[in-house]
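I had a model open today and wanted a quick record of what I looked up. These are my notes, in the order I went through them.

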Amino acid sequence: MENCIFCKIANKEIPSNLVYEDDYTVAFNDLNPQAPVHVLVIPKQHYSSLNELDDANVMSALLNAVKEVTKKLKITDYRTVINTGKGAGQEVFHIHLHILAGRPLKWPPG
């Protein structure tokens with residue numbers, strides 16, 4: 001997608017310190033962290049939201065990337081979040097998984 005900031009990060013048009021990368025995904029630190037550790041995992045290919053994601057390889061790669069990032073960062077307690085749609089808090093319309101860690105995380109969030 002032409003104006004998608006996450007596509008530009010995935011295509012390395014915008015510099016980013018990647019935490020992890022494989023054939024399908026990239027992971028990088030969130031610019032507006034909500035926890036001491038806040039990493040975003042995105043597919044390299046554009047999907048606006050989870051509702052559009054229909055590729056089992058990408059689905060698997062996203063979860064595998066979460067496992068690899070948490071292993072690399074030596075995190076055992078963390079929360080993963082996928083916001084799907086504006087009403088659910090999605091702000092960037094390129095599917096992304098949040099990995100949050102480094103402090104106690106309550107439910108409901110707050």
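**Entry 1: cysteines**

This is a predicted model, and I began with the disulfides: I count 0 of them. Cys-4 takes part in none, and the nearest cysteine sulfur to its own belongs to Cys-7, at 3.7 Å. Why is there no bond at Cys-7? Its closest cysteine sulfur, in Cys-4, sits 3.7 Å off, which is too far for a bond. The cut-off I needed here is 2.5 Å between the two sulfur atoms. For my own reference, a disulfide is a covalent bond joining the sulfur atoms of two cysteines.

I also looked up whether these two are buried or exposed. Cys-4 has 8% relative accessibility and so counts as buried. Cys-7 is buried as well, at 6% relative accessible area.

**Entry 2: the sheet**

Next I traced the strands. I find 5 strands in an open sheet, ordered S1-S2-S3-S5-S4, with antiparallel pairing. S1 and S4 are the edge strands, each pairing on one side only. From one strand to the next, the twist averages 20°.

Then I asked myself how many bridges join S2 to S3. I get 5, between S2 (residues 25-29) and an antiparallel S3. Within that pairing, I noted Ile-42 of S3 as the bridge partner of Val-26. S3 and S5 also pair in the antiparallel sense, over 5 bridges. Two partners in S5 went into my notes: Leu-97 for Val-41 and Leu-100 for His-38.

What does H2 touch in the sheet? H2 packs on the sheet and touches S1, S2, S3, S4 and S5, and its direction makes about 155° with that of S3. I checked S3 for cover too: 6 of its 7 residues are buried, so I wrote the strand down as mostly covered.

**Entry 3: the cores**

I went on to the nonpolar cores. The largest has 15 residues, and Ala-27, Val-39, Val-41, Leu-53, Leu-62, Val-69 and Ile-99 have the most contacts inside it. Which elements each supply at least two residues of this core? I have strand S1 (18-21), strand S3 (37-43), helix H2 (56-72) and strand S5 (97-101). H2 gives the largest share, 5 residues.

Val-41 therefore appears twice in my notes, as one of the core residues with the most contacts and as the bridge partner of Leu-97.

I picked Leu-53 for a closer look. Setting aside neighbours within four places in sequence, I see Leu-53 in contact with Tyr-47, Val-58, Met-59, Leu-62 and Ile-95. There is also a second, separate core of 9 residues, with Phe-6, Ile-9, Val-26 and Leu-40 among them. Val-26 was already on my page for its bridge to Ile-42.

**Entry 4: Phe-93**

Last stop was an aromatic residue in a loop. I found Phe-93 in the loop between strand S4 (79-81) and S5. Phe-93 is partly exposed, with 38% relative accessible area. Which residues does Phe-93 touch, not counting those up to four places away in sequence? I list His-46, Tyr-47, Ser-48, Gly-85 and Lys-86. Tyr-47 is thus on two of my contact lists, that of Phe-93 and that of Leu-53.

I took one distance as well: Phe-93 and Thr-25 lie 16 Å apart in space, C-alpha to C-alpha, and 68 residues apart in sequence.

How values were computed. Residues are numbered from 1 along each chain as its sequence is written. This is a predicted model: local features need pLDDT of at least 70, side-chain atom pairs count only at pLDDT 80 or more; totals for chains, interfaces and linings use all residues. Side-chain values use heavy atoms; hydrogens and water are left out. A nonpolar core is a set of buried Ala, Val, Leu, Ile, Met, Phe, Trp, Tyr and Cys residues joined through side-chain atoms within 4.5 Å. Buried means under 20% relative accessible area, exposed over 50%, partly exposed in between (1.4 Å probe, protein chains only). Helices (H or I, at least four residues) and strands (E, at least two) are DSSP runs, numbered from the N terminus. Contact means heavy atoms within 4.5 Å. Two strands pair if DSSP finds at least two bridges between them. Axes are lines fitted to C-alpha atoms, for helices over the stretch in contact, and angles run from 0 to 180 degrees between N-to-C directions.
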